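Me: Pick one part of this structure and take me through it closely, please. I'm a first-year student, so keep it plain.

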Amino acid sequence: MEMLKISEKGSYVLLELPYNGKAMPGQFFTIKAKTGPYIPRPFSVYELKDGNLKFLIKAGGEMQQFLNEDIIIDGPFGNPISKIDDVLLIAGGVGYAPIHFYALVYGFKEMIIGMPDDELFDFVDIPDHCVYVVNPTTPVDLAKLSPLKNILVCGPHEMIKGLKRDLPESTLYAIMEEKMACARGMCEGCAVMTRDGVKFVCKDGPTFKVSEVDLEWTYQ
Amino acid sequence: MDLSIEIEGIHFKNPIVTASGPLGFGDELFKYVSPGIIGGFTSKTVTPEPITGNMPPRLVYIQNGLLNSIGLQNPGVDLFIQKTVPFLSKACVRIISVGGENPEDFADVTRKVEKFADMIEVNLSCPNVGGKVIVSDSQLTKEILSGCKAMTKKPLIAKLSLDLDVVRQSQIISDSGIKIVNIGNSIQGARFNFKTGKPFLKHVKGGLSGPAFMPIALWKVYQVKEAFEDLMVIGLGGVTKAEDVMEYAIAGASIVEIGTQTMIDPKSIQKIIEDLKNMLEALKLDFKAIVNVSHRGGFR
């Protein structure tokens with residue numbers, strides 16, 4: 001049976017489900033209830049520990065009305081991320097979910113988290129030795145101060161664009177999010193333009209080397 | 001009971017066929033579904049040259065449906081033949097969907113793919129490419145169909161638009177000597193973001209699929225079958241369960257396609273086929289007996 005934990009002002013939800021399978025950082029599941037939504041929604045894994053699978057969900061969206069029902073999950077989908085040496089992790093908003101899972105499994109050297117409000121900081125588990133910011137300072141500003149050159153990011157489009165623009169010497173990987181319907185590489189909904197043509201978040205990603213991605217096409 | 005049906009000399013072991021589009025070229029689908037259980041598979045539309053498709057976002061989630069703006073992304077006919085055709089299973093009827101901008105495009109693709117197909121579906125109605133919907137131009141439609149017919153003896157299927165008068169379209173198809181109509185492509189729709197004041201999709205409109213539009217598609221199937229008893233009709237739109245297949249058959253469809261539901265849950269197509277068989281067992285009727293029964297006064 002699933003459990004719901006709701007943040008102080010009700011803006012965020014942690015959905016916890018029993019799950020005996022495996023999942024690796026970078027992977028995601030689709031979530032629905034018996035009554036909907038019609039298209040199951042993709043969510044990155046926030047945590048998988050002791051047979052419990054957790055997802056971080058922004059409240060108020062279309063998914064919320066179904067969260068009090070029995071939840072049906074499908075997955076894991078997407079390609080796992082391999083461990084990245086001396087990595088700087090950067091998260092924005094609920095994009096923290098897959099970054100949190102990565103940190104739990106592989107650890108990290110430095111982490112910068114940007115969130116729109118304190119409510120989310122107070123709600124999620126944040127490791128001790130990391131830096132977090134709220135607007136108007138951004139993780140991109142802080143990342144310029146880090147000596148680390150390998151970066152894994154998940155967050156808003158503008159954050160990924162900003163990192164690519166301001167840190168051209170870094171090796172930047174992004175866990176990309178896009179609307180999808182099948183999660184299996186059939187519907188061709190979650191398109192990303194790469195130097196090898198159109199790829200799909202669900203089948204070819206969700207993690208992409210940003211230098212190979214045309215962000216202007218993908219996130220115009 | 002017998003689920004099989006014959007269309008223009010092509011035997012379908014059951015009336016369940018995958019719709020063109022949502023399932024791509026089958027390479028991912030057939031990891032989940034054996035081609036041996038379905039009546040047929042329809043490929044994504046193939047065009048003479050590769051098409052990149054539309055910029056994201058390509059999907060808008062809506063209640064009970066999906067708005068898509070994929071934009072006919074495909075590798076082009078030559079790469080399709082090289083990479084996909086070798087894997088098209090003969091365990092079900094192979095329908096290849098052909099597309100283009102002019103009669104020469106359609107004829108060219110038909111000529112190249114026809115030997116690998118059991119039937120050719122002529123996509124006259126994609127809602128997600130620029131310009132007018134082909135089937136809105138009767139002369140152009142006739143020239144395209146005539147050109148395709150000249151390239152193959154395999155049965156042709158004309159895929160119609162639900163945004164236009166289906167009876168008028170069917171008249172053009174019938175006049176062209178085509179015996180099978182697919183009713184039809186996803187219907188055009190739009191959604192707008194009240195926070196930005198802009199449409200969600202870059203081309204404003206997309207194609208609506210899913211249960212939200214099933215009553216519209218059912219009505220169009222009924223209309224066409226009422227006006228053209230001799231036309232074979234393929235019905236689709238919003239099928240999620242065996243009862244929906246029954247409704248399409250009752251309205252007049254000899255074949256029922258499933259797209260979005262198979263994409264969401266590939267294995268559900270097997271359950272739909274099993275449930276359909278059980279429903280027909282309970283009625284003690286073969287599938288053929290329920291096709292178009294609404295025009296014969298229903299079950300007596």
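Reply: What follows is a close look at where chain B and chain A touch, with Arg184(A) as the residue to follow.

Before we dive in, some ground rules: this is a predicted model, where local features need pLDDT of at least 70, side-chain atom pairs count only at pLDDT 80 or more, and totals for chains, interfaces and linings use all residues. Residues are numbered from 1 along each chain as its sequence is written, chains are lettered from A and ligands numbered from 1 in the order written, and side-chain values use heavy atoms, leaving out hydrogens and water.

Let's start with the meeting place as a whole. On chain B, 33 residues are in contact with 26 residues of chain A (contact means heavy atoms within 4.5 Å). Together the two chains bury about 2500 Å² (the accessible area, with a 1.4 Å probe, that two parts lose on being put together, summed over both). Of that area, 62% is on carbon and sulfur atoms.

Charges play a part here too. Chain B and chain A share two salt bridges (a side-chain nitrogen of Lys or Arg within 4 Å of a carboxyl oxygen of Asp or Glu). One such bridge joins Glu28(B) to Lys203(A), with N and O 3.3 Å apart. There are also six residue pairs in polar contact between the chains, both residues at pLDDT 80 or more (N or O atoms within 3.5 Å; within protein one must be able to donate a hydrogen and the other to accept it, and sequence neighbours count only if both atoms are side-chain atoms).

Which elements of chain B give two or more residues to the side that touches chain A? They are strand E5 (59–62), strand E6 (65–68) and helix H7 (260–264) (DSSP runs numbered from the N terminus: helices are H or I, at least four residues; strands are E, at least two). H7(B) gives the most, with five residues.

Now zoom in on Arg184(A), found in the loop between strand E12 (171–175) and strand E13 (191–194) of chain A. Is Arg184(A) buried or exposed? With a relative accessible area of 7%, Arg184(A) is buried (under 20%; exposed is over 50%, partly exposed in between, with a 1.4 Å probe and protein chains only).

Look at what surrounds that side chain. Not counting residues up to four places away in sequence, Arg184(A) touches Asp74(A), Phe77(A) and Cys202(A) in chain A, and Glu28(B), Tyr32(B), Met263(B), Ile264(B) and Pro266(B) in chain B. You've already met Glu28(B), the partner of Lys203(A) in that salt bridge.

The side chain of Arg184(A) has polar neighbours in both chains. The backbone oxygen of Cys182(A) lies 3.0 Å from one of its polar atoms, and the backbone oxygen of Ile264(B) lies 3.4 Å from a polar atom of that side chain.

Finally, step back to the chain that Arg184(A) belongs to. Chain A has six helices and 15 strands. Its C-alpha atoms fill a box of roughly 50 × 40 × 30 Å along the principal axes, and 55% of its 220 residues count as buried. Among its contacts between residues at least 6 apart in sequence, 59% join residues at least 24 apart. In the whole structure, you'd count 18 salt bridges over all chains. For one inside chain A, try Glu47(A) with Lys54(A), at 3.5 Å from N to O. Glu47(A) is buried, at 5% relative accessible area, and Lys54(A) counts as buried too, at 17%.
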